[in-house]
Amino acid sequence: DSVEKAKVMGITTKLCRVISEKVAHSSARTAALHAAIDMVMKNPQTSIGSLDFRHMYLQTERASEIASGCAQLHKATLLAPHWGSTGLGVNVVEGAEMILGLLYENSASYDPLEKSVGGKLLQLCLMMNTDSKLIELLLDDSVPESSVEPEDQDPMHIDGVDDNQLGLVVRKVSKGELFYQCYVDRIDTFLLENIRECAMPLMSKVTTSPIVLRVILSLIDRLRSKKGKDHSRKFISSLLS
């Protein structure tokens with residue numbers, strides 16, 4: 001199913017490019033095409049800027065369609081000229097970083113369907129040179145309220161009793177780790193594909209940030225599988241350089 005969706009998106013993107021190239025020879029048609037895209041980007045029903053990213057407020061079907069449409073326009077180089085109409089920043093990079101921030105603040109409370117759509121929105125953001133913002137969010141070690149990692153809860157825990165008083169160690173999960181857990185597959189894939197750019201900022205924090213070690217171990221595990229074999233040499237050379 002995902003393969004078929006990728007094929008359809010590829011065909012649609014090529015169609016967008018063909019249309020763009022055909023109308024480029026006619027100023028009137030070019031103006032009409034861009035006016036139509038601008039109208040879509042401003043319309044509250046179809047604009048990515050109109051989405052509410054909060055849990056229970058994210059309209060998943062509409063958000064999924066908007067994410068797919070924006071991805072196709074971006075691949076056809078038709079999104080950037082109209083991004084200002086979304087109300088999210090002055091350009092696609094700034095807007096994508098704003099969307100990343102909204103996903104970051106809300107994803108931990110998402111249900112499975114919302115996380116699936118959030119993954120599509122994250123993928124759209126990662127298409128727009130937001131690697132530095134992504135790493136900044138992953139490295140955020142601030143701890144939200146009620147962020148005890150389930151597998152780290154001690155079986156001897158007694159409700160109503162502070163674990164610290166019993167000498168038990170309960171690890172708090174940082175915001176960066178929660179975000180990583182929500183989208184581990186997409187983030188790992190992006191990091192492997194862009195490891196030369198991402199290796200240095202990650203490795204500079206390897207001794208001080210628990211999330212970095214977790215990410216690197218996840219990437220190594222992925223490289224051992226068929227999914228990551230094409231990136232093995234680049235990954236190793238980037239870490240050693």
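# A tour of the helices

Start by selecting residues 112-126, which form helix α5. At 1.5 Å a residue, the 15 residues of this helix should span 21 Å, and the C-alpha atoms at its two ends are 21 Å apart, so expectation and model agree. Keep in mind that this is a predicted model.

Stay on α5 and colour its buried residues: Glu 114, Val 117, Gly 118, Gly 119, Leu 121, Leu 122, Leu 124, Cys 125 and Leu 126. Which helices do the buried residues of α5 pack against? Show α3, α4 (92-106), α6, α7 (175-182) and α8, and you have the partners.

Now zoom out to the whole chain. The secondary structure comes to 11 helices and zero strands. Of the 241 residues, 38% count as buried. Among contacts with a separation of 6 or more, 72% are between residues 24 or more positions apart.

**Helix α3 and the loop before it**

Select residues 60-75, which make up helix α3. The 16 residues of α3, at 1.5 Å each, should span 22 Å; the end C-alpha atoms are 22 Å apart, which agrees. The buried residues in α3 include Thr 60, Arg 62, Ile 66, Cys 70 and Leu 73. Just after α3, click on Thr 77, which takes a positive phi of about 55°.

Next, go back along the chain to Ser 47, in the loop between α2 (27-42) and α3. Is Ser 47 buried or exposed? Its relative accessibility is 4%, so Ser 47 counts as buried, the cut-off for buried being under 20%. Leaving aside residues up to four places away in sequence, Ser 47 touches Val 40, Met 41, Lys 42, Arg 62, Ile 66 and Thr 86. Two of these names, Arg 62 and Ile 66, you have already met among the buried residues of α3.

**Helix α7**

Select α7 and pick out Gly 176, Glu 177, Phe 179, Tyr 180 and Cys 182, which are buried. The buried residues of α7 pack against α4, α5, α6, α8 and α10 (210-224).

**Helix α8 and two of its contacts**

Two packed helices are described by the angle between their axes and the distance between the axes. Show helix α6 (residues 131-138) together with helix α8 (residues 184-193). Their packing angle is about 130°, and their axes are 12 Å apart. That angle makes α6 oblique to α8. The crossing of α6 past α8 is left-handed. Display the side chains where they meet: Asp 131, Leu 134 and Leu 138 from α6, and Ile 187, Phe 190 and Leu 191 from α8. By class, this contact has five nonpolar residues, no polar ones and one charged one.

Keep α8 on screen, hide α6 and show α10. What is the angle at which α8 and α10 pack? The angle is about 80°, with the axes 10 Å apart. The two helices, α8 and α10, are therefore roughly perpendicular to each other. On the α8 side, select Val 184, Asp 185, Asp 188, Thr 189, Leu 191 and Leu 192. These meet Val 215, Ser 218, Leu 219, Arg 222 and Leu 223 in α10. The contact of α8 with α10 divides into six nonpolar, two polar and three charged residues.

End the tour on Leu 191 of α8: this residue takes part in the contact with α6 and in the contact with α10.

Definitions and conventions
Residues are numbered from 1 along each chain as its sequence is written. This is a predicted model: local features need pLDDT of at least 70, side-chain atom pairs count only at pLDDT 80 or more; totals for chains, interfaces and linings use all residues. Side-chain values use heavy atoms; hydrogens and water are left out. Helices (H or I, at least four residues) and strands (E, at least two) are DSSP runs, numbered from the N terminus. The expected span of a helix is 1.5 Å times one less than its number of residues. Buried means under 20% relative accessible area, exposed over 50%, partly exposed in between (1.4 Å probe, protein chains only). Axes are lines fitted to C-alpha atoms, for helices over the stretch in contact, and angles run from 0 to 180 degrees between N-to-C directions. Angles under 35 degrees count as roughly parallel, over 145 as roughly antiparallel, 65 to 115 as roughly perpendicular and the rest as oblique. A crossing is left-handed if the near helix is turned anticlockwise from the far one by less than a right angle, and right-handed if clockwise. Contact means heavy atoms within 4.5 Å. Ala, Val, Leu, Ile, Met, Phe, Trp, Tyr, Cys and Pro count as nonpolar, Asp, Glu, Lys and Arg as charged, and the others, Gly among them, as polar.
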